[in-house]
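Colleague: Can you walk me through this one? I have some questions about the folds and the packing.

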Amino acid sequence: MVRLLLPNPGLEARIPTLAELESLEKQESSSRPKWDNKAQYMLTCVGFCVGLGNVWRFPYLCQSHGGGAFMIPFLILLVLEGIPLLHLEFAIGQRLRKGSVGVWSSIHPALKGVGIASMFVSFMVGLYYNTIIAWVMWYFFNSFQDPLPWSQCPLNANQTGYVEECARSSSVDYYWYRETLNVSTSIDDSGSVQWWILLCLTCAWSVLYVCTIRGIETTGKAVYVTSTLPYVVLTIFLIRGLTLKGASSGIIFLFTPNVTELANPVTWLDAGAQVFYSFSLAFGGLISFSSYNSVHNNCEMDSVIVSVINGFTSVYAATVVYSIIGFRATERFDDCFSANILTLINGFDLPEGNVTQENFAEMQQWCNASNPAAYAELKFQTCDMNTFLSEGVEGTGLAFIVFTEAITRMPAAPLWSVLFFVMLFCLGLSSMFGNMEGVVVPLQDLNVIPKKWPKELLTGLICLGTYLLALVFTLNSGQYWLSLLDRYAGSIPLLTVAFFEMFSVVYVYGIDRFNRDIEFMIGHKPSIFWQVTWRVVSPLLMLTIFLFFLVISVNEELVYSVWNPAYEEFPKSQKVKYPNWVYGVVVVVAGVPCLAIPGFAIYKLIRNRFRRAGDQQGLVGAQSTVSVNGDVRS
Amino acid sequence: MSWMGPREDAENAFKVRLSLRTALGDKAYAWDTNEEYLFKAMVAFSMRRVPNREGTEISHVLLCNVTQRVSFWFVVTDPSRNHTLPAVEVQSAIRLPLVAVSGGCSSLRMNRNRINNAFFLNDQTLEFLRIPATLAPPTDPSVPIWIIIFGVIFCIVIVATMLLILSGIRQHRRKNKGPSEMEDTEDKWENTVKIENGIPCDPLDMKGGHVNDAFVTEDERLTPL
């Protein structure tokens with residue numbers, strides 16, 4: 001194996017030695033936070049990893065990339081990419097006992113940029129993620145009524161029919177785009193702050209503040225609920241879903257393997273990206289969480305357990321989601337068919353019950369034969385089950401449009417609605433804990449905050465600042481801003497940071513040193529699997545995915561989907577090009593974190609060159625003052 | 001029936017469509033001449049509530065072209081039976097409000113409701129083609145429910161925040177009240193010698209803390225006596 005190791009003088013001085021680690025742990029036990037028990041730590045990590053993406057991104061990918069066959073690339077990449085990276089982050093955090101900025105600057109001062117990039121990404125993602133939680137809260141508040149407000153269209157002015165925009169699309173679409181977002185037709189058209197979303201956003205940030213006010217002291221208690229409740233709700237939904245008509249068609253649609261998809265490289269790349277993002281790697285939160293562990297905690301076992309739970313949750317959630325989608329698709333199909341049957345019997349005045357789904361085709365032919373002129377005037381809808389099954393089933397479309405519609409068709413709909421949105425809320429909130437950790441701890445490490453400030457104040461200021469920035473998302477164009485950030489802030493920068501993380505640990509910190517550290521901490525040296533994946537396989541995979549995404553992003557036209565009632569093909573979304581200033585935003589959002597890494601290294605280099613002479617790290621001076629029975633220094 | 005106008009004379013005629021099986025399932029009754037008689041009676045009743053038409057009789061309402069669907073056409077003739085009443089009048093009669101609108105909220109339901117109920121049907125299963133149904137507005141509570149839920153949750157959160165902040169301040173004060181003199185020297189411990197009883201002693205532990213390493217005994221082997 002190539003033993004590449006970049007020169008790294010002074011490493012020993014910056015990190016505690018193995019011998020010091022245990023005593024360090026004891027000394028820090030009063031000043032540094034630590035986990036009350038192992039369960040808190042595991043629940044926090046699982047909560048951070050398991051998020052909204054498991055529910056609304058994975059099922060879509062699974063279904064669109066060959067169903068059951070998608071499991072193969074997903075599982076392979078989980079093992080080759082997810083678990084090694086996770087173990088690496090856990091181990092380095094536990095070893096160096098600092099947050100992300102502290103860890104990377106300990107390894108080499110020039111790598112501080114990696115920590116700063118992590119912090120920036122955590123901040124950007126936290127900014128828009130909590131807005132999604134605000135939308136979830138809005139739906140949650142509105143679920144306590146029967147019938148649910150999105151089950152019917154509102155009436156128009158003279159009460160003869162429904163509002164036109166609603167009649168042309170659907171009541172759930174209308175409720176989402178008009179009554180919730182009140183969306184404008186372009187990102188240019190900002191409009192004004194929607195007060196109801198503002199209230200929900202305030203509530204979301206307040207809840208987050210309460211839960212993270214003292215760091216892991218408070219989140220450690222909150223995760224007992226937020227990490228476990230989603231599983232309870234998923235199970236309830238599974239049982240409910242499986243007893244609904246048509247659930248099986250959804251699950252079959254999801255898992256039907258199409259092995260030819262395995263030959264498509266996009267499938268593998270999407271699987272890799274999904275594994276990567278779903279593990280919440282490179283945010284810095286995981287490093288921070290594991291730095292609060294005791295020194296001899298078995299981080300290897302933890303990483304395997306968390307990965308397995310994450311993978312299992314994705315598959316479990318996909319099953320639940322698609323059983324409900326199958327139910328919805330069947331209902332829509334039945335409705336569509338009934339509408340066609342009605343058209344036929346109304347057009348030909350046939351008795352009810354004569355035409356059923358089974359004999360529909362022959363009755364059509366009989367009618368056509370008996371009166372072709374009249375038959376030609378009848379308009380039939382096309383009812384295709386597959387179309388219904390593959391409609392808009394990812395992202396916010398899944399949660400707020402497709403799933404809410406399915407819920408309105410279930411008996412006791414408000415109950416299911418409340419449960420569903422509570423689950424989404426918990427999933428989102430537990431991920432936000434990790435984001436907050438990834439912002440608060442680096443700020444403390446960077447020493448920009450005076451040490452005297454209590455943690456409550458710091459967390460409060462960060463929550464307040466992010467909340468004020470997130471007001472952008474309460475405008476009429478808020479949803480477009482959110483999609484923009486989602487596409488660019490959370491994708492390329494993370495891949496860059498992850499690649500540099502691996503590279504730093506293996507080639508700057510030194511894989512041999514890392515192996516010795518892990519041997520000290522957990523008792524045995526990491527096996528050949530870890531060696532191979534850390535040194536070669538995972539970095540290569542990261543690089544491949546990164547290059548792929550870069551190529552795709554640079555080549556694609558910057559278009560976004562817009563809800564425009566004046567569009568001819570309404571209710572389909574209109575694809576509109578971004579205005580030019582958006583390119584600037586994209587560069588800032590995606591470029592700044594990526595460039596922070598080399599940028600900081602260069603800055604450090606220049607600073608060292610200018611201050612070559614006499615600027616050693618200040619030795620800790622020991623001033624001794626002689627005094628006998630003397631003054632107590634005050 | 002004296003008037004058997006076919007569909008070409010449909011200017012003043014309305015087509016009615018009933019979906020008995022859809023509405024009532026197994027309990028659907030058969031549509032026979034008695035039901036037709038009831039229908040004529042309901043239409044006549046509606047017409048009688050129109051000013052100037054109080055004299056409408058059942059015999060003035062004519063049905064024809066009854067199909068198996070069940071659907072048929074009807075017209076209302078004037079007392080002389082010579083010409084049919086204009087469609088607008090019939091339409092307004094069917095849509096006539098049952099209860100006069102007064103001040104606050106009142107149900108603006110029409111004669112349609114009475115007709116529907118006579119046949120155990122509703123607006124979707126007893127259709128008067130060309131007469132649009134007035135839809136019932138949804139009942140809106142004065143305070144939207146979501147604001148109530150929001151208020152409750154927000155208040156709980158604010159209370160919890162206050163409690164946590166207050167307990168944090170109290171903890172801080174308790175820590176401060178303890179070694180208030182030590183507090184000031186803490187900052188200087190890194191660079192100065194620990195002074196106890198005025199006699200300087202070597203700091204074995206540069207990072208500050210409460211553990212005095214001089215007395216750590218776990219790793220030390222006691223010198224055997």
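Modeller: We can take chain B, then the aromatic pairs, then the cores; bear in mind that this is a predicted model.

Colleague: Fine. How many helices and strands does chain B have?

Modeller: Chain B has six of each, helices and strands. Read from the N terminus, the order of elements is β-α-α-β-β-α-α-β-α-α-β-β.

Colleague: And what share of chain B is buried?

Modeller: Buried residues account for 31% of its 225 residues. Chain B exposes about 14700 Å², and 56% of that comes from carbon and sulfur atoms.

Colleague: What about contacts in chain B between residues at least 6 apart in sequence: what share join residues at least 24 apart?

Modeller: For those contacts in chain B, the share is 54%.

Colleague: Switching to aromatics. How many aromatic pairs are there over all chains?

Modeller: The count is 62 over all chains. One of them is A:Tyr41 with A:Phe90, a tilted pair with 5.9 Å centre to centre and 55 degrees between the planes.

Colleague: Which parts of chain A does that pair tie together?

Modeller: A:Tyr41 is in helix H3 (residues 38-49) and A:Phe90 is in helix H6 (residues 71-96), so the pair links parts 49 residues apart in sequence.

Colleague: Is A:Tyr41 buried or exposed?

Modeller: A:Tyr41 counts as buried because its relative accessibility is 0%, and the cut-off is under 20%. A:Phe90 is buried as well, also with a relative accessible area of 0%.

Colleague: Got another pair?

Modeller: A:Tyr139 and A:Phe421 are also tilted, at 5.2 Å centre to centre with 35 degrees between the planes. A:Tyr139 belongs to helix H8 (residues 112-141) and A:Phe421 to helix H22 (residues 413-445), so this pair ties together parts of chain A that are 282 residues apart in sequence. Both A:Tyr139 and A:Phe421 are buried.

Colleague: Where does A:Arg513 lie?

Modeller: A:Arg513 sits over the face of A:Tyr509, 5.9 Å from the ring centre.

Colleague: Now the cores. Which residues touch the most other members of the largest nonpolar core?

Modeller: That core has 208 residues, and the ones touching the most other members are A:Ile107, A:Phe237, A:Leu424 and A:Phe514.

Colleague: What does A:Ile107 touch?

Modeller: Leaving out residues up to four places away in sequence, the contacts of A:Ile107 include A:Leu11, A:Ile92, A:Leu96, A:Val505, A:Val508 and A:Tyr509. Polar residues are on the list too, among them A:Asn8, A:Arg14 and A:Ser504.

Colleague: Anything apart from that core?

Modeller: Another core, of 29 residues, lies apart from the largest one, and its members include B:Leu18, B:Val61, B:Phe74 and B:Phe119.

Conventions. Residues numbered from 1 in each chain as written. Chains lettered and ligands numbered in written order. Predicted model: local features only at pLDDT ≥ 70, side-chain atom pairs only at ≥ 80, totals over all residues. Heavy atoms only, no water. Helix = DSSP H or I, 4+ residues; strand = E, 2+ residues; numbered from the N terminus. Buried < 20%, exposed > 50% of the residue type's maximum accessible area, 1.4 Å probe, protein only. Contact = heavy atoms within 4.5 Å. Areas by Shrake-Rupley, 256 points an atom, 1.4 Å probe, with all protein chains shown as cover. Phe/Tyr/Trp six-rings, centres within 6.5 Å; stacked < 30°, edge-to-face > 60°. Lys NZ or Arg CZ within 6 Å of the ring centre and 35° of its normal. Core = buried A, V, L, I, M, F, W, Y, C linked by side-chain atoms within 4.5 Å.
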